[in-house]
Amino acid sequence: MKRSHEVPRPPLTERCVLVGRAERARGGSVSTRAASHLRPAGALPASLEELARLAETAGARVRGILVCRPGPARPATFIGKGKLEELKELAGEQDADVVIFDDDLTPAQVRNLEKEVGLKIVDRSELILAIFARRARTRESRLQVELAQLEYMLPRLTGMWKHLERQAGGIGTRGPGETQLETDRRIVRERVARLKRDLEGVERERETQRSRRRRAFRVALVGYTNAGKSTLFNTLTRSNVLVEDRLFATLDATTRQMVSPDRRLALVTDTVGFIRKLPHHLVASFHSTLVEAIEADLLLHVIDGADPQFRRQMGAVEDVLEGILERPRPTVLVFNKADLMDEAEVVALGSEFGDAFVVSAKGGAGLDALRACVWAQAVERLPQHAS
């Protein structure tokens, strides 16, 4: 039974089959087919485990998983003929409504796969965009997500009217398929232009707010989605922003004050979580939100230290930050969820990452040392923030 204080989860209305690549390994083999309810931890590539969570966040029920061997993608259908037949068989057995690929597909590959499989085909970027659209709450985030969706859709409009393109062709005429395609492109481009103008207005409002904050010491929490940034944000600032054990629970940048024992103030911002293969349209659309991280005096890179894949997640976050930061920012590594780690894991992290902090945002362990570090950084940069 759903508790009254919980945000309602989307209904699991669609049954899906996931398709991804096996990870290259030195030895051993990987099963190329598995039912979702039979997948034990570590039995599948981490990317497919993550894709399953993304699908469930979007409201789909994972009924089967098809794992392909590493190798180059087929230009026409991404996967080979044998895997295509296996996919059709698996989708039929599981009565699937949609097939979700862990990689991005070209428009031609989507069309060919839908024709062969007879089901809706969704790639990783489209899935992430759908989650962002579902999770957007404020006007700014809705504008950002719609812009990213339209820019993703624009090159994929080609071919939507293939069934019409030959019906009225000939000398002196224009096929209705071509006409409709051009009309759709014009409508989408006009909408994109309008959204960009609206976002420019929002950005001007944000810039006004940021100009007032520039005298304060600013800290931004960045990290992989579901690393516990919002929980840490609430603890540091004594706030009560939404916290969920879900991917992309936070889309909008939220800023609150952090107060030191001697009554100094710092501004702490909770930012949108990152993920592997984050669609570049989404990064571009959320630029105004990510400016909070770009302009921060200190970045706290929050990492789920209990996740076996934390190094890969760290790399994904660093890749995104490298693409948006105009210059390097002082960064402190914060390994969260110490309450889910044993003592040996905590010691190993401290040994490998000497200057990092191992904390539990939920239990409070290690937070006093982290706060002291933040205030030490603030004092060091105090002259440039003094009135």
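# Reading helices, loops and contacts

Me: Helix α4 crosses helix α5 with a left-handed turn. What kind of model is this?

Reply: This is a predicted model. Keep that in mind throughout.

Me: How do I describe two packed helices?

Reply: Give the angle between their axes and the distance between the axes. Here is the first case. The axes of α4 (residues 124-135) and α5 come within 9 Å and cross at roughly 155°. An angle over 145 degrees counts as roughly antiparallel, so α4 is roughly antiparallel to α5.

Me: Which residues of α4 and α5 meet?

Reply: From α4 come S125, E126, L129, A130, F132 and A133. From α5 come V145, A148, Q149 and Y152. By type, the residues of this contact are seven nonpolar, two polar and one charged.

Me: Which residues of α5 are buried?

Reply: Start with the general idea. An α-helix has 3.6 residues a turn, so residues three or four places apart point the same way. Now the case. The buried residues of α5 are E140, S141, L143, Q144, V145, L147, A148, L150, E151 and Y152. V145, A148 and Y152 also take part in the contact with α4.

Me: What should the 15 residues of α5 span?

Reply: Use 1.5 Å a residue. Helix α5 covers residues 139-153, so the expected span is 21 Å. Its end C-alpha atoms are 21 Å apart, and that agrees.

Me: At what angle do α2 and α3 pack?

Reply: About 55°, with axes 10 Å apart. Helix α3 covers residues 107-117. The angle makes α2 and α3 oblique to each other. Their crossing is right-handed. L84, L87 and K88 of α2 make the contact with L113, E116 and V117 of α3. Those residues divide into four nonpolar, no polar and two charged.

Me: Where is T77, and what is it in contact with?

Reply: T77 sits in the loop between β3 (60-68) and α2 (81-93). Set aside its neighbours within four places in sequence. T77 is then in contact with L84, Q109, N112 and L113. Look back at the helix pair: L84 and L113 belong to the contact of α2 with α3.

Me: Is T77 buried or exposed?

Reply: Compare its relative accessibility with the cut-off. Buried means under 20%. T77 has 14%, so it counts as buried.

Me: Try a residue inside a helix. Where does V374 lie?

Reply: V374 lies in helix α12 (residues 367-380). Its relative accessibility is 2%, so V374 counts as buried.

Me: Which residues does V374 touch?

Reply: Leave out residues up to four places away in sequence. V374 then touches F217, V219, M258, L298 and L300. Also check its spacing from A266. V374 and A266 are 108 residues apart along the chain, yet their C-alpha atoms are separated by 8.9 Å.

Me: Where does L325 lie?

Reply: In the loop between α10 (310-324) and β10. L325 has a relative accessible area of 18%, so it is buried. It touches A293, I294 and L299, not counting residues up to four places away in sequence. L325 and E295 are 30 residues apart in sequence, and their C-alpha atoms are 8.5 Å apart.

Me: What sign does phi have in most residues?

Reply: Most residues other than glycine have a negative phi. R238 has a positive phi of about 55°, although it is not a glycine. K337 also has a positive phi, near 70°, and is not a glycine.

Me: Where are R238 and K337 found?

Reply: R238 is in the loop between α7 (229-237) and β7 (254-259). K337 is in the loop between β10 (331-336) and α11 (343-352).

Me: Which is buried and which is exposed, R238 or K337?

Reply: R238 has a relative accessible area of 82%, so it is exposed. K337 has 17%, so it is buried.

Me: Now the whole chain. How many helices and strands does it have?

Reply: The chain has 13 helices and 11 strands. Of its 387 residues, 50% count as buried.

Me: What share of contacts join residues at least 24 apart?

Reply: Take contacts between residues at least 6 apart in sequence. Of these, 70% join residues at least 24 apart.

Technical notes:
Residues numbered from 1 in each chain as written. Predicted model: local features only at pLDDT ≥ 70, side-chain atom pairs only at ≥ 80, totals over all residues. Heavy atoms only, no water. Helix = DSSP H or I, 4+ residues; strand = E, 2+ residues; numbered from the N terminus. Expected span 1.5 Å × (residues − 1). Buried < 20%, exposed > 50% of the residue type's maximum accessible area, 1.4 Å probe, protein only. Axes fitted to C-alpha atoms, helices over the stretch in contact; angles between N-to-C directions. Parallel < 35°, antiparallel > 145°, perpendicular 65-115°, else oblique. Left-handed = near helix turned anticlockwise from the far one by under 90°. Contact = heavy atoms within 4.5 Å. Nonpolar A, V, L, I, M, F, W, Y, C, P; charged D, E, K, R; others polar.
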